[in-house]
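Me: Please give me a close look at one part of this model, the surroundings of a single side chain, and then place that part in the wider fold. I would like the reasoning behind each assignment to be stated, along with the confidence of the prediction.

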Amino acid sequence: MATLKSLKIKTSTCKRLVKELHSYEKEVEREAAKTADMKEKGADPHDLKQQENVLAESRMMIPDCRKRLDASLTDLKTILNELEDSDEKTGPEIDDARNTVVEVEKVFETTKA
């Protein structure tokens with residue numbers, strides 16, 4: 001049975017994962033710039049290889065984070081629908097959850113990968 005408490009938890013999880021996804025995207029940009037700078041300056045091949053590994057690890061985190069965000073969004077929608085079916089259609093938690101669903105869907109639209 002869906003409760004407002006579980007709805008708040010799922011909403012918070014989605015918000016946290018959106019922030020985490022944006023953080024990883026920024027990290028990839030930062031590491032890519034650092035890698036390009038090292039290549040341009042003719043850095044030691046070993047150091048360059050290490051930096052490329054760091055960049056690859058950062059890139060691997062984005063699909064994982066997107067997968068977790070997608071699963072969390074599905075859970076949030078399920079709980080939201082259950083609450084709406086049980087006549088809980090208004091309230092700050094419900095509105096926050098609806099806004100979060102819209103926000104997460106926008107993230108998926110703008111960052112298709």
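**Gln 51 and its surroundings**

Reply: In this predicted model, Gln 51 is found in helix H2, which runs over residues 45–85. Gln 51 counts as buried because its relative accessible area is 6%, where the cut-off for that class is under 20%. Once its neighbours within four places in sequence are left aside, Gln 51 is in contact with Glu 31, Lys 34, Thr 35 and Met 38. Gln 50 also has its place in H2, but Gln 50 is partly exposed, with a relative accessible area of 42%. As for its position relative to H3, Gln 50 is 57 residues from Val 107 in sequence, and the two C-alpha atoms are 31 Å apart in space.

The contacts of Gln 51 include Glu 31 and Met 38, and the helix that covers residues 4–40 is H1. H1 has 37 residues and reaches 54 Å from its first C-alpha to its last, close to the 54 Å expected at 1.5 Å a residue. Just after H1, Gly 42 takes a positive phi of about 65 degrees. The UniProt record, an unreviewed entry, places a "coiled-coil region" at residues 14–41; in the model, the chain over those residues is 96% helix and 0% strand, with its end C-alpha atoms 41 Å apart.

Elsewhere on H1 and H2 there are nonpolar contacts to consider. Leu 21, with neighbours within four places in sequence again left aside, is in contact with Ile 62, Cys 65, Arg 66, Leu 69 and Val 107. Both Leu 21 and Leu 69 are among the residues with the most contacts inside the largest nonpolar core, which has 22 residues, and Leu 7, Leu 76, Leu 80 and Val 104 are named with them. H1, H2 and H3 each supply at least two residues of this core, and H2 gives the most, with nine residues. In soluble globular proteins, nonpolar side chains tend to be buried together.

H3 completes the picture. The 19 residues of H3 should span 27 Å at 1.5 Å a residue, and its end C-alpha atoms are 27 Å apart, so the two values agree. Its buried residues are Ile 94, Ala 97, Thr 100, Val 101, Val 104, Val 107 and Phe 108; they lie on the same side of H3 because they cover an arc of only 140 degrees around the axis. These buried residues of H3 pack against H1 and H2, while the face turned away from the buried side carries the exposed residues Pro 92, Asn 99, Lys 106, Glu 109 and Thr 110. Phe 108, which lies in H3 (residues 92–110), is buried with a relative accessible area of 17%. Not counting residues up to four places away in sequence, Phe 108 touches Arg 66, Leu 69, Asp 70 and Leu 73. Its C-alpha atom is separated by 26 Å from that of Lys 89, 19 residues apart along the chain.

On confidence, the chain averages a pLDDT of 89, and 95% of the residues score at least 70. H1 has the highest value, at 93, whereas confidence is lowest in H3, at a mean of 89. Where pLDDT is low, the predicted coordinates should not be read in detail.

Methods. Residues numbered from 1 in each chain as written. Predicted model: local features only at pLDDT ≥ 70, side-chain atom pairs only at ≥ 80, totals over all residues. Heavy atoms only, no water. Helix = DSSP H or I, 4+ residues; strand = E, 2+ residues; numbered from the N terminus. Buried < 20%, exposed > 50% of the residue type's maximum accessible area, 1.4 Å probe, protein only. Contact = heavy atoms within 4.5 Å. UniProt positions renumbered as here; feature names shortened; annotations may be inferred. pLDDT = per-residue confidence, 0-100. Expected span 1.5 Å × (residues − 1). Arc of directions from axis to C-beta. Core = buried A, V, L, I, M, F, W, Y, C linked by side-chain atoms within 4.5 Å.
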